[in-house]
Structures are given as structure tokens and as C-alpha cells.
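Visitor: I'm new here, and I like to know the reason behind every label. Could you walk me through this one?

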Amino acid sequence: MLSYIHYNEVSFMKERITKEKLELIQAFLRNHPDVIAAYGYGSGVMPQANHSNQKKDIDLILIVEDLLEYFHQNIELNPNEYTRGSK
């Protein structure tokens with residue numbers, strides 16, 4: 001199941017996502033180039049039956065206007081997110 005999160009309007013499924021997870025996602029989006037929308041998925045975003053409460057990665061699909069431009073900007077803003085060979 002995807003959880004829709006739009007950074008500018010912060011639309012999301014309030015009854016399913018915790019405030020802490022929403023704040024983590026918003027902080028991530030503030031520190032990255034502009035996105036049109038972000039879709040969170042998996043147990044790191046939405047609680048799921050039979051999954052432990054241990055800390056999980058938050059998986060996001062980012063929708064951007066120009067993928068190449070996004071990566072150029074993001075490499076400058078967040079160089080630690082990339083391996084040396086991809087820069």
C-alpha cells in the first residue's frame with residue numbers, strides 16, 4: 001500500500017502514519033531538491049500486521065519534474081548519499 005505525501009500540502013493518511021514518521025519524511029524532503037510528490041510504502045511507513053516495531057527504513061518514491069536536474073542538485077546538496085563512482 002502506498003501512502004501519499006505531498007510536501008507542499010502535506011496530504012497523507014493521518015489515521016495510518018505516525019507523527020514521528022511524517023516529521024522524518026518532511027525533514028528528508030526539506031533537505032533535498034524540489035519534488036512534485038513523494039509516495040511512502042512498506043512497513044517503514046505504514047504499520048503492518050506481523051511486523052515488529054523495530055526501527056525500519058522509510059522507502060519513498062519521489063516524483064520530480066526533471067530527473068537529471070534533480071540528481072545534479074542533489075549531488076551538490078547531499079554528496080554523502082552517492083558512491084564515489086556515481087558523482
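**Labels and their reasons**

Guide: Let's start with two side chains, those of Asn 74 and Asn 78, which are joined by a polar contact of 2.6 Å.

Visitor: Why is the link between Asn 74 and Asn 78 called a polar contact?

Guide: The term asks for a pair of N or O atoms within 3.5 Å; within protein, one must be able to donate a hydrogen and the other to accept it, and residues adjacent in sequence count only if both atoms are side-chain atoms. The pair here sits at 2.6 Å, so the distance fits. Before we go on, you should know that this is a predicted model, where local features need pLDDT of at least 70 and side-chain atom pairs count only at pLDDT 80 or more, while totals for chains, interfaces and linings use all residues. Residues are numbered from 1 along each chain as its sequence is written, and side-chain values use heavy atoms, with hydrogens and water left out.

Visitor: What is pLDDT, and how does the protein score on average?

Guide: pLDDT is the predictor's confidence in each residue, from 0 to 100. The protein averages 78, and 74% of the residues score at least 70. Among the elements, H2 has the highest mean, 95, and strand E1 (residues 2-5) the lowest, 47.

Visitor: What makes something a helix or a strand, and how many of each are there?

Guide: They are DSSP runs, numbered from the N terminus: helices are H or I with at least four residues, strands are E with at least two. The protein has 2 helices and 3 strands, and from the N terminus on they run β-α-β-β-α. Helix H2 covers 67-77, and Asn 74 is found in that helix, whereas Asn 78 belongs to the segment after H2.

Visitor: Is Asn 74 buried or exposed, and how do you know?

Guide: Buried means under 20% relative accessible area, exposed over 50%, and partly exposed in between (1.4 Å probe, protein chains only). Asn 74 comes in at 2%, so it counts as buried. Asn 78, at 15%, is under the cut-off as well, so it is buried too. Across the 87 residues of the protein, 28% count as buried.

Visitor: Which residues is Asn 74 in contact with, and what counts as a contact?

Guide: Contact means heavy atoms within 4.5 Å. Leaving aside neighbours within four places in sequence, Asn 74 is in contact with His 32, Pro 33, Pro 79, Glu 81 and Tyr 82. On the same terms, Asn 78 touches Asn 31 and His 32.

Visitor: Which aromatic pairs does a search of the whole structure find?

Guide: There are 2 of them. In one, the rings of Tyr 70 and Phe 71 have their centres 5.8 Å apart and their planes at 80°.

Visitor: What makes that a pair, and how do the rings face each other?

Guide: Rings of Phe, Tyr and Trp (its six-membered ring) pair if their centres lie within 6.5 Å; planes under 30 degrees apart count as stacked, over 60 as edge-to-face and the rest as tilted. At 5.8 Å and 80°, Tyr 70 and Phe 71 pass, so the pair is edge-to-face. Phe 71 and Tyr 82 also form an edge-to-face pair, 6.3 Å centre to centre with 80° between the planes. That pair links distant parts of the chain, with Phe 71 in helix H2 and Tyr 82 in the segment after H2, 11 residues apart. Ring pairs thus link Tyr 70, Phe 71 and Tyr 82 into a cluster.

Visitor: Which of these rings' residues count as buried, and which as partly exposed?

Guide: Tyr 70 has 7% relative accessibility, so it counts as buried. Tyr 82, at 17%, is buried as well. Phe 71 has 34%, so that residue is partly exposed.

Visitor: What does Tyr 70 touch?

Guide: Not counting residues up to four places away in sequence, it touches His 32, Pro 33, Asp 34, Val 35, Leu 62 and Val 64. Tyr 70 and Pro 33 are 37 residues apart in sequence, yet 6.2 Å apart in space, C-alpha to C-alpha. Val 64 lies in the loop between E3 and helix H2, and the contacts of Val 64 include Asp 34, Val 35 and Ile 36.

Visitor: How do you know whether Asp 59 is buried, exposed or in between?

Guide: Its relative accessibility is 33%, so Asp 59 counts as partly exposed. Asp 59 is in strand E3 (residues 59-63), and its C-alpha atom is separated by 5.8 Å from that of Tyr 41, 18 residues apart along the chain.
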